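Student: I would like to understand how the words used for a protein structure follow from computed values. Could we go through some of them one at a time?

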Amino acid sequence: MEILPENLQRLRQRVAIVTGASRGIGRACALALATEGAKVVVNYTSSSAAAEEIVTEINAAGGNALALQADVSQSEQVDALVEDTIAKWGRVDILVNNAGITRDTLLLRMKLEDWQAVIDLNLTGVFLCTRAVSKIMLKQKSGRIINITSVAGLMGNPGQANYSAAKAGVIGFTKTVAKELASRGITVNAIAPGFIATDMTSELKSEEILKFIPLGRYGQPEEVAGLVRFLAADPAAAYITGQVINIDGGMVMA
Ligand code: NAP
């Protein structure tokens, strides 16, 4: 990776937390924000080697990154994640709520634990991280919160009752919090990717899925990260809040 020269960096001195940044979309977001000069917390839950690799890559390129382990479905661990970020860099300007899991199965086979695990991380995790950073952003009178939802939260998807409920919940949460925090200069937006080539989608039957994607291909993590980078940047996205932006090769056209 290359970090932009200082005079071109749009996120210089900003501090970003990216949840679930050890792999996939979160990894691409961490690298993209670092490119713009942000100091980046690379959160992960189990992939410490992968997270440290990203940190090494960013630091070697002249940026600033730190790997912090936290299960973001757990309130105390989220508080520690934010406290450790403040202890290191003194502020939080950008939160990318990206960590997510799937536990796909049809409704009648879905166990309560499949439901609960997905809701706990994909919805409650977004609430916990947003609540923790918003205290800091309110004092700073600025901030960007970007929630990674999914087209499944807009259109539903057989086998994903838990996941689509959580992702639809994130959309309602995004709009409410955008209204609550707007007067203090904090924007809150959601990104709804379609099918993106990551570990999460690696076992899906792509030939069937491609029929539903007008652009005829999966998206790349870097394409989602480009949108995150835009929404985080000032002044480019300063007047956008409470929105859900699809990035899905045309799968959902409202
Ligand atoms: P992925 O490749 O499976 O990576 C998931 C990331 O989440 C990993 O970094 C993982 O950390 C982290 N994570 C898992 N459980 C966690 C926890 N309890 N606390 C903190 N981090 C945790 O997923 P992805 O495809 O990049 O998806 C990222 C986000 O985009 C998710 O919210 C997903 O729902 C959404 N999304 C993805 C697609 C797609 O097609 N891929 C489409 C729409 C939306 P470890 O490495 O430590 O396990």
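Student: What makes Cys 29 count as buried or exposed?

Tutor: Keep in mind that this is a predicted model, and set the value against the cut-off. Buried means under 20% relative accessible area, and Cys 29 has a relative accessible area of 0%, so Cys 29 is buried.

Student: How do you know whether Cys 29 is in a disulfide?

Tutor: A disulfide needs two cysteine sulfur atoms within 2.5 Å, whereas the nearest cysteine sulfur to Cys 29, that of Cys 129, is 14 Å away. Seen from the other side, the closest cysteine sulfur to that of Cys 129 is the one in Cys 29, and 14 Å is too far for a bond. Cys 29 is therefore in no disulfide, and the structure holds 0 disulfides.

Student: Why is Cys 129 called buried, when its relative accessible area is 2%?

Tutor: The word does not require a value of zero, because buried means under 20% relative accessible area. With 2%, Cys 129 meets that condition and is therefore buried.

Student: Which word fits Ile 86, and what makes it fit?

Tutor: Ile 86, which has its place in helix H3 (residues 75–89), has 29% relative accessibility. Since buried is under 20% and exposed is over 50%, with partly exposed in between, Ile 86 counts as partly exposed. Not counting residues up to four places away in sequence, Ile 86 touches Arg 91, Val 92 and Ile 136.

Student: What residues does the largest nonpolar core bring together?

Tutor: The largest nonpolar core has 35 residues, and Leu 33, Val 40, Val 42, Val 96, Ile 191 and Val 228 touch the most other members. Among the elements that each supply at least two residues of this core are helix H1 (24–35), strand E2 (39–44) and helix H8 (221–232). The largest share, 8 residues, comes from H1.

Student: How do you know that Val 40 is in contact with Trp 89?

Tutor: Contact means heavy atoms within 4.5 Å, and Trp 89 is listed as a contact of Val 40 once neighbours within four places in sequence are left aside, as are Ala 16, Val 18 and Leu 33, among others.

Student: What kinds of residue line the second largest pocket?

Tutor: The lining has 8 nonpolar, 5 polar and 5 charged residues. Among those nearest the centre, Arg 144 and Asp 234 count as charged, because Asp, Glu, Lys and Arg belong to that class. About 240 Å³ of space lies in this pocket.

Technical notes. Residues are numbered from 1 along each chain as its sequence is written. This is a predicted model: local features need pLDDT of at least 70, side-chain atom pairs count only at pLDDT 80 or more; totals for chains, interfaces and linings use all residues. Side-chain values use heavy atoms; hydrogens and water are left out. A nonpolar core is a set of buried Ala, Val, Leu, Ile, Met, Phe, Trp, Tyr and Cys residues joined through side-chain atoms within 4.5 Å. Buried means under 20% relative accessible area, exposed over 50%, partly exposed in between (1.4 Å probe, protein chains only). Helices (H or I, at least four residues) and strands (E, at least two) are DSSP runs, numbered from the N terminus. On a 1 Å grid over the protein atoms alone, a cavity is a set of points where a 1.4 Å probe fits but cannot get out, and a pocket is an open set with protein on both sides within 12 Å along at least five of seven lines; lining residues have an atom within 4 Å of a point. Grid points are joined across faces, edges and corners, and a volume is the space filled by probe spheres set on the points.
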